Structure formats: C-alpha cells, structure tokens
Amino acid sequence: MKLVIIRHADPDYEHDSLTPRGVVEANALKDYLKDKRIDKVYSSPYGRAKLTAKISLEGKNKDIKVADFLHEFNTHIVQPGNPFNKYCWDFLPSYFTEQDEFYDASRTKDHPLVKEFGLDKAYETVCNGLDDILKENGYERCGRYYNVIKSNDNVVLLYCHLGTMGIILSHLTGIPFLLINQYFSVAPSGITVVNTEERREGIAQWRVARYGDISHLTLKGLEPSFSARFCEQFVDDTRHD
C-alpha cells in the first residue's frame with residue numbers, strides 16, 4: 001500500500017482558501033496526478049486542503065472523504081522565549097535543543113510543555129484517526145508495526161497540513177513528532193510518499209520513499225513558496241520569526 005500525503009497549496013489563511021499562487025500550484029498537482037493511479041482520497045475539513053484536493057483531482061471522478069483528524073494541528077502553546085509563535089513547531093533553537101525529551105519519542109509526552117497544553121492528547125487523536133483509515137485499508141496497528149489484514153497495492157491520498165504531516169510520519173516511523181516538525185520543511189503542495197514493506201508475510205512497516213517532493217512545480221518552472229521556512233542568513237529580508 002502507498003500513502004501519498006499532500007500539503008495544501010499556498011494558503012490564504014484569512015479566508016481558509018488558496019492564494020492565486022496556490023491555485024496555480026494545485027493545477028500543477030492536477031497535471032502531475034492526471035495519469036497516476038489513485039484508489040481512495042481523504043482530506044482535512046479545512047477549506048485550503050479541500051480546495052487543493054478538488055482542483056488537483058478534477059477529471060479523475062474520485063470521491064473525497066473528509067476526515068476530521070487531518071485538520072491543522074492547531075493546539076496552541078506558549079513558547080518559552082518566543083511568545084509571538086503559538087505553534088508547537090518552529091521553536092527557537094536555543095530552547096529546543098536543550099529539551100532532551102523532544103529528541104526521545106518515549107519521553108516527549110512527559111515534557112511539561114507537552115502536558116500543559118495537551119499536545120499528547122492531540123497527538124493521540126491524529127494517530128487514532130490515521131490507524132482507523134489504515135485498518136479500513138487492510139493494515140492494523142500492533143505495537144510499532146502493522147498486522148496485514150488484507151495485503152494490497154492501493155494508493156491512498158491524504159490532503160492535510162504541515163503540522164499534521166509531522167504527526168503522521170512520527171506515528172509511522174517512531175521519530176518524535178516535535179523533531180520532525182522542527183527540522184523538516186514541506187513547501188505548500190509538497191508530496192510525501194510512504195510505502196508498506198511486508199518482508200515477512202502478515203507483518204508490515206512503513207518506509208518514507210519521498211518527502212516534500214515538488215516535481216510538479218519544477219516541471220512547470222515554478223519556484224516553491226517560502227512558506228514553512230525561515231531566513232538562511234540573519235541579514236536576509238525573508239522570514240525571521
């Protein structure tokens with residue numbers, strides 16, 4: 001089975017929609033996906049994700065099932081030393097690198113900040129929602145791997161958000177979710193592909209084959225949006241905080 005996780009195209013957050021650039025990105029996705037096999041599609045309930053799915057799947061006659069757990073991981077926190085950033089990623093490095101629990105998946109849930117703002121419960125909600133979908137499609141969670149109920153080569157698309165993508169990948173790989181969201185960036189409309197591997201009959205793990213791929217933009221001569229990144233140098237006039 002193949003999971004294709006797509007971040008929504010360039011967002012208009014004010015109106016929960018897409019910018020004009022985002023519409024162009026979604027149409028580039030449409031051209032990229034037009035000849036690709038797709039078996040099932042799930043989308044976040046947010047407008048920017050649903051519109052990305054609608055545009056990019058135009059002409060493919062696919063039902064888009066809204067899955068609430070795919071919504072933006074918007075459990076807000078108060079970041080120590082950085083009160084203007086309320087999200088549980090993009091911590092200032094001077095703080096993040098001092099938190100040993102953030103680097104250890106077995107200890108992350110015990111960090112005071114995680115417990116105070118309920119990140120552990122929000123994380124669990126996403127993981128449970130994902131596992132429900134995977135079970136529907138033939139793979140049932142068993143500890144850190146999956147029992148194969150019905151082996152298949154289905155292609156399942158998930159349209160969601162950057163923070164949620166980090167949790168999905170954390171759940172499938174065991175990498176702490178705060179670590180993924182702190183150190184890995186996916187441009188709007190970026191494509192991540194995760195495949196099952198059934199090396200012994202009936203037991204599967206997941207392996208990331210592509211992460212944040214923007215081939216669909218490159219083929220159209222489009223530069224990726226700077227969204228989800230920060231300045232390469234302090235003197236840059238790009239995003240600092």
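**A tour of the largest pocket and two helices**

About 490 Å³ of space lies in the largest pocket, and since everything on this tour is drawn from a predicted model, the places named below are best read as features of that prediction.

Begin by selecting Ala105, Ser106, Tyr123, Ser170 and Gly174, which, among the 18 residues that line the largest pocket, lie nearest its centre. With the whole lining on display, colour it by class, and you will find eight nonpolar residues, six polar ones and four charged ones.

Next, select residues 119–136, which form helix H5, and residues 162–173, which form helix H6; these are the elements that give two or more residues to the lining of the largest pocket. The largest share of that lining is contributed by H6, with four residues.

Keep both helices on screen and turn the view until you can follow their axes, which lie 10 Å apart where H5 and H6 pack at an angle of about 65 degrees. Because angles of 65 to 115 degrees count as roughly perpendicular, H5 is described as roughly perpendicular to H6. The crossing in which H5 passes H6 is right-handed.

Finally, show the side chains where the two helices touch: on H5, select Tyr123, Val126, Cys127, Leu130, Asp131 and Leu134, and on H6, select Thr164, Ile167, Ile168, Ser170, His171 and Leu172, which they meet. Coloured by class, the residues of this contact comprise eight that are nonpolar, three that are polar and one that is charged. Pause at Tyr123 and Ser170, which take part in the contact of H5 with H6 and are also among the residues nearest the centre of the largest pocket.

Key:
Residues are numbered from 1 along each chain as its sequence is written. This is a predicted model: local features need pLDDT of at least 70, side-chain atom pairs count only at pLDDT 80 or more; totals for chains, interfaces and linings use all residues. Side-chain values use heavy atoms; hydrogens and water are left out. On a 1 Å grid over the protein atoms alone, a cavity is a set of points where a 1.4 Å probe fits but cannot get out, and a pocket is an open set with protein on both sides within 12 Å along at least five of seven lines; lining residues have an atom within 4 Å of a point. Grid points are joined across faces, edges and corners, and a volume is the space filled by probe spheres set on the points. Ala, Val, Leu, Ile, Met, Phe, Trp, Tyr, Cys and Pro count as nonpolar, Asp, Glu, Lys and Arg as charged, and the others, Gly among them, as polar. Axes are lines fitted to C-alpha atoms, for helices over the stretch in contact, and angles run from 0 to 180 degrees between N-to-C directions. Angles under 35 degrees count as roughly parallel, over 145 as roughly antiparallel, 65 to 115 as roughly perpendicular and the rest as oblique. A crossing is left-handed if the near helix is turned anticlockwise from the far one by less than a right angle, and right-handed if clockwise. Contact means heavy atoms within 4.5 Å.
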